[in-house]
Amino acid sequence: MEAPDQPLGLDAEIEEHLYRIASEALHNVVKHARADRAAVSVTTEAGIMRVTVSDDGVGFDPEATYAGHLGLSTMAQRAEAIGAVLTITSAPGTATVVLLSFSGEPV
């Protein structure tokens, strides 16, 4: 885990959405990735906050639909609700990176 030492001064509702997205990404690592390692970083630069969850697992096709699995769509809905951009980079046999970019204003 890598993050600023000081609170970021976010609205509680936005903070909860960010937390829930990161939490779901970590849940997916534990449940599906068969990863040895996972990392979470929170960075801010030029007014943009980035929350990154990455792993060294087996990957997946983020464009595919998985019956009964709502985690990815829930993450996307939460990101949209706060005007953030959610990017998921993965492929079968490769690591996965979930990146959430938030500027504090609708993107």
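These exercises work through a predicted model of one protein, each with a solution in steps.

**Exercise 1. The overall plan**

Find how many helices and strands the protein has, and the pattern they follow along the sequence.

*Solution.*
Step 1. Count the elements. The secondary structure comes to two helices and four strands.
Step 2. Read along the sequence. The pattern is α-β-β-α-β-β.
Step 3. Check the compactness. The radius of gyration is 14 Å, and the globule rule gives 13 Å for 107 residues. These values are close, so the protein is as compact as a globular protein of that length.
Step 4. Take the extent. Along the principal axes, the C-alpha trace spans about 35 × 25 × 20 Å.

**Exercise 2. The sheet**

Work out the order of the strands in the sheet, and say whether the sheet is open or closed.

*Solution.*
Step 1. Recall how sheets are held. Strands pair through backbone hydrogen bonds, in a parallel or an antiparallel way.
Step 2. Lay out the strands. The order is E1-E2-E4-E3, the pairing is antiparallel, and the sheet is open.
Step 3. Find the edges. Strand E1 (38-45) and strand E3 (85-89) each pair on one side only, which makes them the edge strands.
Step 4. Add the twist. From one strand to the next, it averages 10 degrees.

**Exercise 3. Bridges across the strands**

Trace the bridges from E1 to E2 and from E2 to E4, and find the partners of Val51.

*Solution.*
Step 1. Start with E1 and E2. They run antiparallel and are joined by eight bridges.
Step 2. Look at their hairpin. Two residues lie between the strands, and Ala46 has a positive phi near 50 degrees.
Step 3. Go on to E2 and E4. Strand E2 (residues 48-55) pairs with strand E4 (residues 96-102) over seven bridges, again in the antiparallel sense.
Step 4. Locate Val51. Val42 has Val51 in E2 as its bridge partner. In E4, Leu100 is the bridge partner of Val51.
Step 5. Take another pair. Met49 stands opposite Phe102 in E4.

**Exercise 4. Helices on the sheet**

Determine which strands each helix meets, and at what angle it runs.

*Solution.*
Step 1. Take helix H1 (residues 12-33). It lies across E1, E2, E3 and E4. Its angle to E2 is about 15 degrees.
Step 2. Take helix H2 (residues 71-81). It packs on the sheet and touches E3 and E4. Its direction makes about 150 degrees with that of E3.

**Exercise 5. Two pockets**

Describe the lining of the largest pocket, then that of the second largest pocket.

*Solution.*
Step 1. Begin with the volume. The largest pocket holds about 570 Å³ of space.
Step 2. Find the residues. This pocket is lined by 29 residues, and Asn28, His32, Phe60, Tyr66 and Leu72 lie nearest its centre.
Step 3. Trace them to elements. H1, E2, H2, E3 and E4 each supply at least two lining residues. H1 gives the most, with eight.
Step 4. Sort the residues by class. The lining of the largest pocket has 16 nonpolar, 10 polar and three charged residues.
Step 5. Turn to the second largest pocket. Its space is about 350 Å³. Of its 17 lining residues, Met1, Leu18, Tyr19, Val42 and Val51 are the closest to its centre.
Step 6. Trace this lining too. H1, E1 and E2 give two or more residues each. H1 gives the most to this lining, with six.
Step 7. Sort this lining by class. It has 14 nonpolar, two polar and one charged residues.

**Exercise 6. The enclosed space**

Count the cavities of 30 Å³ or more, then describe the lining of the largest cavity.

*Solution.*
Step 1. Recall the method. A probe the size of a water molecule, rolled over the atoms, shows where empty space is left.
Step 2. Count. There is one cavity of 30 Å³ or more. The largest cavity has a volume of about 40 Å³.
Step 3. List its lining. Leu18, Ile21, Ala22, Ala25, Val51, Thr52, Val53, Val98 and Leu100 line the largest cavity.
Step 4. Assign the elements. H1, E2 and E4 each supply at least two of these residues. The largest share, four residues, comes from H1.
Step 5. Class the lining. Eight residues are nonpolar, one is polar and none is charged.

Key: Residues are numbered from 1 along each chain as its sequence is written. This is a predicted model: local features need pLDDT of at least 70, side-chain atom pairs count only at pLDDT 80 or more; totals for chains, interfaces and linings use all residues. Side-chain values use heavy atoms; hydrogens and water are left out. Two strands pair if DSSP finds at least two bridges between them. Axes are lines fitted to C-alpha atoms, for helices over the stretch in contact, and angles run from 0 to 180 degrees between N-to-C directions. Contact means heavy atoms within 4.5 Å. On a 1 Å grid over the protein atoms alone, a cavity is a set of points where a 1.4 Å probe fits but cannot get out, and a pocket is an open set with protein on both sides within 12 Å along at least five of seven lines; lining residues have an atom within 4 Å of a point. Grid points are joined across faces, edges and corners, and a volume is the space filled by probe spheres set on the points. Ala, Val, Leu, Ile, Met, Phe, Trp, Tyr, Cys and Pro count as nonpolar, Asp, Glu, Lys and Arg as charged, and the others, Gly among them, as polar. The radius of gyration is taken over C-alpha atoms; the globule rule is 2.2 Å times the number of residues to the power 0.38.
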